[in-house]
Amino acid sequence: MTGGPAFALHGLTKRFGQVTAVGGVSVEVAPGEVVALLGPNGAGKSTTVDMLLGLTKPDAGEVIVAGGSPREAVDRGLVGAMMQNGALLPDVTVGEIVALVVSTHEKPLPAEEVIARAGLGKLVKRRCGKLSGGERQRVRFALALAGDPRLLVLDEPTAAMDVDGRRAFWAAIREFAAGGRTVLFATHYLAEAEDYADRVVLLRHGAVVADGPVAEVRAAVSGRVLRSVVPGATEAGLAALPGVTSVQLRGGRAELACADSDAAIRALLAAHPDASGIEITALGLEEAFLALTAEEAAA
Ligand SMILES: Nc1ncnc2c1ncn2[C@@H]1O[C@H](COP(=O)(O)OP(=O)(O)OP(=O)(O)O)[C@@H](O)[C@H]1O
């Protein structure tokens, strides 16, 4: 194994008819990094993951995994993947399916270790058709681990998991990554990215709008929310105020996301001296994320 990146995406582009699902994405990830691929619905996360795994061919650009093509890396057992809707045979037990998948790999983890890492000890005899959504996700995770891969790619891994399930899942991921292995996970949840990723790549409309350590990405979207009752205001009028990045107006109550709340409040009161019930708060994580994607959308 060379000292090169775990994987690299160079100018990756994929179109479906008129839709550019991914448009020129370039990202290089070093071995040992845990990277969150974040973005709202339709941002291009799944399409990017599909190209990284060699399941979809890019229209332009290149994917390099462990120095070769995605297919070569998958064939060499270097990549484990957990997809949103990977099918599980309903009549096969958890123990059987893990043993089956372990047996297909050249240098697998022992089946007992796979079971333990995925927290499936109590479910070994359960048929896959009888599992809950969160349990099925844990089985998919086990199957992704079976070949002892260097790179783990997870598309919305915790979507169906409850709080305990998520905690156990992320503890297992940390353990996996501690040995210098690389993880890329796609998610909608900024909070999950903040808690578990070293780095965030934020996609919007198929392009990277932010890439860096979580704290850095958050700082780039630092801002405040200004709430007020503003009689007679229009969305367009409020959006034109200095310092305002996005506006929601419902029944005379305005919510303004602000890059500069000082400028915004001065301008609001100058234009609407009858504004009342004014409140200014820091952006929450979700709001910060929305502000960044909305800001870019407006650009
Ligand atoms: N097979 C396809 N045919 C046509 N359009 C597609 C196809 N796959 C994806 N798209 C479109 O490409 C864009 C990106 O979709 P993608 O599934 O990659 O986004 P995503 O960020 O994973 O979204 P989500 O969070 O909803 O899963 C969307 O506009 C989607 O409708």
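**Close-up 1. An aromatic cluster in the predicted model.** In this predicted model, ring pairs join Phe141, Phe169, Trp170, Phe185 and Tyr196 into a cluster. The structure holds four aromatic pairs, one of which, formed by Phe169 and Trp170, is edge-to-face, with 5.0 Å from centre to centre and 80 degrees between the planes. The angle of 80 degrees falls in the edge-to-face class because planes over 60 degrees apart are counted there. Both partners of this pair, Phe169 and Trp170, are buried.

**Close-up 2. Surroundings of the ligand.** The ligand is surrounded by 14 residues, of which Asn41, Gly42, Lys45, Ser46 and Thr47 are the closest. Asn41 places a polar side-chain atom 2.8 Å from an oxygen atom of the ligand, whereas Gly42 approaches through its backbone, with an N or O atom that lies 2.8 Å from a ligand oxygen atom. A backbone N or O atom of Gly44 likewise lies 2.9 Å from an oxygen atom of the ligand.

**Close-up 3. The second largest cavity and its lining.** When the whole structure is searched, two cavities of 30 Å³ or more are found, and the second largest has a volume of about 40 Å³. The lining of this second largest cavity consists of Phe7, Leu9, Val25, Val27, Leu37, Thr48, Leu184 and Val201, and strand E1 (7-16) and strand E2 (19-29) each contribute at least two residues to that lining. Sorted by class, the lining residues of the second largest cavity comprise seven nonpolar and one polar, with no charged residues. Thr48 is the polar member of this lining, because residues outside the nonpolar and charged classes count as polar.

Notes:
Residues are numbered from 1 along each chain as its sequence is written. This is a predicted model: local features need pLDDT of at least 70, side-chain atom pairs count only at pLDDT 80 or more; totals for chains, interfaces and linings use all residues. Side-chain values use heavy atoms; hydrogens and water are left out. On a 1 Å grid over the protein atoms alone, a cavity is a set of points where a 1.4 Å probe fits but cannot get out, and a pocket is an open set with protein on both sides within 12 Å along at least five of seven lines; lining residues have an atom within 4 Å of a point. Grid points are joined across faces, edges and corners, and a volume is the space filled by probe spheres set on the points. Helices (H or I, at least four residues) and strands (E, at least two) are DSSP runs, numbered from the N terminus. Rings of Phe, Tyr and Trp (its six-membered ring) pair if their centres lie within 6.5 Å; planes under 30 degrees apart count as stacked, over 60 as edge-to-face and the rest as tilted. Buried means under 20% relative accessible area, exposed over 50%, partly exposed in between (1.4 Å probe, protein chains only). A residue is near a molecule or strand if one of its heavy atoms lies within 4 Å of it. A polar contact is a pair of N or O atoms within 3.5 Å; within protein, one must be able to donate a hydrogen and the other to accept it, and residues adjacent in sequence count only if both atoms are side-chain atoms.
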